[in-house]
Amino acid sequence: MLKVNVGNKPQAEQPENGQAFEIDQRKEGWFINGNAFDGDIAALGNNRFHVIWQNKSYNIEVISRNAAEKTTHLLINGQHYHTTAKDDLDLLLEKMGMQNSSAQKINNVKAPMPGLIQSIAVAEGDSIAKGDNLLVLVAMKMENVIKSSGSGVIKSLKVAPGQIVEKNQVLLEFH
């Protein structure tokens, strides 16, 4: 069983007022909120589908999908929709007050390879989110933008522009 939340904004910006559906696959077929899915789905091409359901026609395009975070960005009849899904394990962990989230809290960022710190885009005390640029590491004449893999507040910078670092050296720490 999957519990799917659908809204017009990405999950980070989405208030909890989107529509929720429970989708279940059984021997008899697919069920939505306990009712058998009696619609028709036709694949039109790469990430494009046509669905007829409850006497309505829907043209659906999958814009992006993140399997790790269980999110999907859809274009349905010209409208953007963002979905998040929770499976049985996610729901059980949530019920127990735990999270099965891939957005882990990070404690530090280490150099993925030896190189030269070209520039630093953050300062101590800055709040950062997953995907934010942290610094540029030059290795083998290539600039590598190091991005945050989680969110947090920068506690301390362990390097400075122009400094040479080794692989796995701590570059910065988070609170």
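These exercises work through the salt bridges and one histidine of the structure above.

The model is predicted: local features need pLDDT of at least 70, side-chain atom pairs count only at pLDDT 80 or more, and totals for chains, interfaces and linings use all residues. Residues are numbered from 1 along each chain as its sequence is written, and side-chain values use heavy atoms, with hydrogens and water left out.

**Exercise 1.** State how many salt bridges the structure holds, and describe the one formed by R26.

Solution.
- Start with the criterion: a side-chain nitrogen of Lys or Arg within 4 Å of a carboxyl oxygen of Asp or Glu.
- Count: the structure holds three salt bridges.
- Find the partner: R26 pairs with D24, and the closest N and O atoms are 3.3 Å apart.
- Fix the accessibility classes: buried is under 20% relative accessible area, exposed is over 50%, and partly exposed lies in between (1.4 Å probe, protein chains only).
- Classify R26: at 37%, R26 is partly exposed.
- Classify D24: at 21%, D24 is partly exposed.

**Exercise 2.** Locate the salt bridge between D87 and K70.

Solution.
- Take the distance: the side chains of D87 and K70 meet at 3.1 Å, N to O.
- Place both residues: D87 lies in the loop between strand 9 (79-86) and helix 1 (88-95), and K70 in the loop between strand 7 (56-66) and strand 8 (71-76), so the pair ties together parts 17 residues apart in sequence.
- Note the element rule: helices (H or I, at least four residues) and strands (E, at least two) are DSSP runs, numbered from the N terminus.
- Check accessibility: D87 is partly exposed at 24%, and K70 is partly exposed at 27%.

**Exercise 3.** Do the same for K158 and E173.

Solution.
- Take the distance: the closest N and O atoms of K158 and E173 are 3.6 Å apart.
- Place both residues: K158 sits in the loop between strand 15 (152-157) and strand 16 (164-165), and E173 in strand 17 (residues 170-174), so the salt bridge joins parts 15 residues apart in sequence.
- Check accessibility: K158 is partly exposed at 43%, and E173 is partly exposed at 23%.

**Exercise 4.** Is H73 buried or exposed, and what does H73 touch?

Solution.
- Place H73: it is found in strand 8.
- Classify H73: its relative accessible area is 15%, so H73 is buried.
- Find the polar contact (a pair of N or O atoms within 3.5 Å; within protein, one must be able to donate a hydrogen and the other to accept it, and residues adjacent in sequence count only if both atoms are side-chain atoms). The side chains of H73 and H80 make one at 2.7 Å.
- List the contacts (heavy atoms within 4.5 Å). Not counting residues up to four places away in sequence, H73 touches E61, V62, I63, S64, H80, Y81 and H82.
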